[in-house]
Amino acid sequence: MAKKVIVYTTNDCIECTMVKKVLTEEGIEFETKDISIHPEYQKEVEKYGFLGVPVTVVENRAVKGFTNELKELMELAKRES
């Protein structure tokens with residue numbers, strides 16, 4: 001079973017859209033948590049040490065943005081539990 005993936009996002013975030021597009025293209029299912037609709041999600045983002053989005057979380061590991069670290073996290077997400 002694939003690991004749970006969460007993407008913290010906002011509607012007007014181009015980088016967030018890129019992250020979601022790449023995850024979708026890689027066949028990685030994810031849950032979207034929009035901090036502009038549900039402000040309580042901002043506290044969850046801050047728990048990981050970030051103030052802005054996109055923040056992608058797999059297990060207890062989080063990365064911000066569209067970076068090489070995201071690629072590593074995607075590989076982690078693809079591994080079976």
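1. Before we get to the loops, one definition: helices and strands here are DSSP runs, a helix having at least four residues and a strand at least two, and they are numbered from the N terminus. With that in hand, Pro-54 can be placed in the loop between α2 (40–47) and β3. Keep in mind that you are looking at a predicted model.

2. Now the overall layout. The protein chain has 3 helices and 4 strands. If you walk along the sequence, they come in the pattern β-α-β-α-β-β-α. Try tracing that order on the structure above before you read on.

3. How does the radius of gyration fit a compact globule? For 81 residues, such a globule would have a value near 12 Å, and the protein chain has 12 Å, so the two agree. Along its principal axes, the C-alpha trace spans about 30 × 25 × 20 Å.

4. A few whole-chain numbers go with that. Of the 81 residues, 40% are buried. Take the contacts with a separation of 6 or more: 57% of them are between residues 24 or more positions apart. The accessible surface comes to about 5,100 Å², and carbon and sulfur atoms account for 52% of that surface.

5. Charges get a short point of their own. The protein chain carries 12 positive and 15 negative charges, and the mean positions of the two sets are 2 Å apart.

6. Strand β1 deserves your attention. Is it enclosed or open? Since 5 of the 5 residues of β1 (residues 5–9) are buried, the strand is largely enclosed by the rest of the structure. Both of its faces are covered: Val-5, Val-7 and Thr-9 are buried on one side, and Ile-6 and Tyr-8 are buried on the other.

7. Which strands does β1 pair with? On the one hand, 4 bridges join β1 to β3 (residues 55–58), and that pair runs antiparallel. On the other, 4 bridges join β1 to β2 (residues 31–34), and here the strands run parallel. Ile-6 is a handy residue to look at: its bridge partner in β3 is Val-57, while in β2 its partner is Glu-31.

8. Thr-9 is also part of β1. Its relative accessibility is 2%, so it counts as buried; the cut-off for that is under 20%. Leaving aside neighbours within four places in sequence, Thr-9 is in contact with Cys-16, Lys-20, Thr-32, Lys-33, Asp-34, Ile-35, Ser-36 and Val-53.

9. Val-53 turns up again in the backbone. Is the peptide bond from Val-53 to Pro-54 cis or trans? That bond is cis, with omega near 5°. It is worth a second look because most peptide bonds are trans.

10. Another backbone detail is at Glu-59, in the loop between β3 and β4 (61–64). Glu-59 is not a glycine, yet it has a positive phi of about 55°. Most residues other than glycine have a negative phi. With 49% relative accessibility, Glu-59 counts as partly exposed.

11. Last, a residue from a helix: Gln-42 lies in α2. Is Gln-42 buried or exposed? At 18% relative accessibility, Gln-42 counts as buried. Not counting residues up to four places away in sequence, Gln-42 touches Ile-35, Phe-50 and Leu-51. Ile-35 is also one of the contacts of Thr-9.

Note on methods
Residues are numbered from 1 along each chain as its sequence is written. This is a predicted model: local features need pLDDT of at least 70, side-chain atom pairs count only at pLDDT 80 or more; totals for chains, interfaces and linings use all residues. Side-chain values use heavy atoms; hydrogens and water are left out. The radius of gyration is taken over C-alpha atoms; the globule rule is 2.2 Å times the number of residues to the power 0.38. Buried means under 20% relative accessible area, exposed over 50%, partly exposed in between (1.4 Å probe, protein chains only). Contact means heavy atoms within 4.5 Å. Accessible areas come from the Shrake-Rupley method with a 1.4 Å probe; for residues, only the protein chains shown count as cover. Lys and Arg count as positive and Asp and Glu as negative; His and the chain ends are not counted. The place of a charge is taken as NZ of Lys, CZ of Arg, CG of Asp or CD of Glu. Two strands pair if DSSP finds at least two bridges between them.
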